[in-house]
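Subject: Structure for you to look at, with notes

Dear colleague,

I am passing on the structure we spoke about, and below it you will find my notes on what turned up when I went through it. Please read them with the structure open beside you.

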Amino acid sequence: MTQIKKLVMNGFKSFAKRTELSFGDGFNVILGPNGSGKSNVLDAICFVLGRMSAKSMRVERGSNLIYNGGPNGKPLEKAEVSIEFDNSKKEFPTEGNVKISRIIHQSGQSDYRINNKRTTRQNVIDLLSAAKINPEGYNITLQGDITKFIEMSSNEKRQIIEEISGISIYQEKKLKAESELSKVEEKLKEADIILNERKNYLKDLKKERDQALKYKEMKDKIDQNRATYLNIQLTKKIDELEKIKAQASKINAEVEKVNSKIGQYKQKISENKKKSEEISKHIEEKGQKEQIELNREIEGLKVEYEKNKILFENLQREKEKLSERKTAIENEISDVESKLMLSQSTVKENESLLQAKYKDVEIIKSKIQKIKKDNNLENISEIEQSLENNDKDIEELSIEANS
């Protein structure tokens, strides 16, 4: 049986000051009149061993265990109880005696210490269980327990014997282990469900990836074909522009020639007018015979003048037509240049759109990589290979079934 060496109480219930009780070997008895605090000593032992029920220690709540100051005193901030066990028989898995301390504050919070080192209640319970000490067990008999034991049924007495002998501890550990095992199984089921969801999600992700790659491939082909078509149209418009410019140059040369001829005919008409005036003057000076010859010459000059006049008018009309043709050609050149600029702008827009699509594809790739990383799908290539192998097997089985 584990031997208590010493019990120290400070601020616990009626023990306002530090009170130390030493226990000797064998049987120990605490005697005193009513109200001297005998029951408080037992409550202190239950408290320091880690009992949680405040009612079993005859108070409403944990903070009531702290000395309240009496009728004229001041309540204390905390209460502390320490108990020291003899470990000469090595009942505890440690060297030397074992000292366990518990401190309770006005907030109701407790601090535990083993050999003056701060620890948790569970560590204290585990250490005490090694020596078969249970703060909630029947190794501590409180007031009224004897009467309750006598009135118990045989099954209840058997449960008490099992608890005192330590069997119930293993039952509790067994139940706790089974509960933890059940929780692990539930977590495994949840993990299987999540894994199946991830597999389905992976299939959907693969479909989206394939669709994205197919879309990118088709978009690249469309952009390439569009760029080729625009390049052909651009080349064609440039050739048309060069031809129209060549035609315009020819028409300009013809216009220059017509203008030159018009100038020559103007000069001839002016010279003929001068000659006519000179002949008129000469007629006045010459006789009738000479006048007849001069009239003939004048008529010839008039005929030639009319011919030159008609030719001049024809050339003038041809000049006007050429001017109109030149204006039309200039307008056509302006239209072709506008279409050329529009085609060049379209090519640039398509190039910008193509670059944007490349960026979209890169973004999709980065999203796929992030989804892989977030969902632990780094081995997607292996899974995709497995899916492709499965598809091949299905196709082979389909061929065999059809044959």
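I begin with one residue, Phe 92, which is buried, with a relative accessible area of 2%. Please keep in mind throughout that this is a predicted model, and that the values quoted here are computed from it.

Phe 92 has an aromatic partner, and the chain has 2 aromatic pairs by the rule applied. In one of them, Phe 12 and Phe 47 are tilted against each other, with 5.2 Å from centre to centre and 40° between the planes. Since Phe 12 sits in the loop between strand 1 (3-10) and strand 2 while Phe 47 belongs to helix 1, this pair ties together parts that are 35 residues apart in sequence. Phe 12 and Phe 47 are both buried. The pair that involves Phe 92 is made with Phe 85 and is also tilted, at 5.5 Å centre to centre and with 45° between the planes. Phe 85 is buried, its relative accessible area being 3%.

Around Phe 92 there is another residue to look at, namely Asn 87, which lies in the loop between strand 3 (78-86) and strand 4 (98-105). Is Asn 87 buried or exposed? With a relative accessible area of 3%, Asn 87 falls under the 20% limit and therefore counts as buried. Leaving aside residues up to four places away in sequence, Asn 87 touches Phe 92, Thr 94, Glu 95, Gly 96, Asn 97 and Val 98. One of these contacts, Glu 95, has a side chain that meets that of Lys 90 in a salt bridge, at 2.9 Å from N to O. Glu 95 itself counts as exposed at 65% relative accessibility, whereas Lys 90 counts as partly exposed at 48%.

Stepping back to the whole chain, there are 7 helices and 6 strands, and read along the sequence they follow the pattern β-β-α-β-β-β-β-α-α-α-α-α-α. Of the 403 residues, 25% count as buried. The chain exposes about 28,900 Å², and carbon and sulfur atoms supply 51% of that area. Among contacts between residues at least 6 apart in sequence, 58% join residues at least 24 apart.

Helix 2 (residues 121-130) is a good place to see how a helix packs against strands. Its buried residues are Val 124, Ile 125, Leu 127 and Leu 128. Viewed down the axis of helix 2, these buried residues fall within an arc of 165°, and so they line one face of the helix. As a general point, an α-helix has 3.6 residues a turn, so residues three or four places apart point the same way. The cover over the buried residues of helix 2 includes strand 3, strand 4, strand 5 (110-114) and strand 6 (117-119). Just after helix 2, Lys 132 takes a positive phi of about 60°.

Turning to charged side chains, the structure holds 12 salt bridges, among them the one between Glu 95 and Lys 90 already mentioned. Another joins Asp 210 to Arg 209, with the closest N and O atoms 3.6 Å apart; Asp 210 is partly exposed at 33%, and Arg 209 is partly exposed at 29%. In helix 5 (residues 167-285), Glu 217 and Lys 221 lie 4 residues apart, about one turn of the helix, and their side chains meet in a salt bridge of 3.7 Å from N to O. Glu 217 has a relative accessible area of 44% and is partly exposed, as is Lys 221 with 43%. Elsewhere, salt bridges that share partners join Lys 6, Arg 18, Glu 20 and Glu 84 into one network.

Finally, which residues form a nonpolar patch on the surface? They are Phe 27, Val 29 and Leu 31, with about 430 Å² of accessible area together. Leu 31 is placed in the loop between strand 2 (19-22) and helix 1 (38-48), and Leu 31 is exposed, with a relative accessible area of 75%.

With best regards

Key:
Residues are numbered from 1 along each chain as its sequence is written. This is a predicted model: local features need pLDDT of at least 70, side-chain atom pairs count only at pLDDT 80 or more; totals for chains, interfaces and linings use all residues. Side-chain values use heavy atoms; hydrogens and water are left out. Patches are made of residues with over 30% relative accessible area and no salt bridge: like charges are joined within 9 Å, nonpolar side chains (Val, Leu, Ile, Met, Phe, Trp, Tyr) within 5 Å. Accessible areas come from the Shrake-Rupley method with a 1.4 Å probe; for residues, only the protein chains shown count as cover. A salt bridge is a side-chain nitrogen of Lys or Arg within 4 Å of a carboxyl oxygen of Asp or Glu. Helices (H or I, at least four residues) and strands (E, at least two) are DSSP runs, numbered from the N terminus. Buried means under 20% relative accessible area, exposed over 50%, partly exposed in between (1.4 Å probe, protein chains only). Contact means heavy atoms within 4.5 Å. Rings of Phe, Tyr and Trp (its six-membered ring) pair if their centres lie within 6.5 Å; planes under 30 degrees apart count as stacked, over 60 as edge-to-face and the rest as tilted. The arc is that of the directions from the helix axis to the C-beta atoms.
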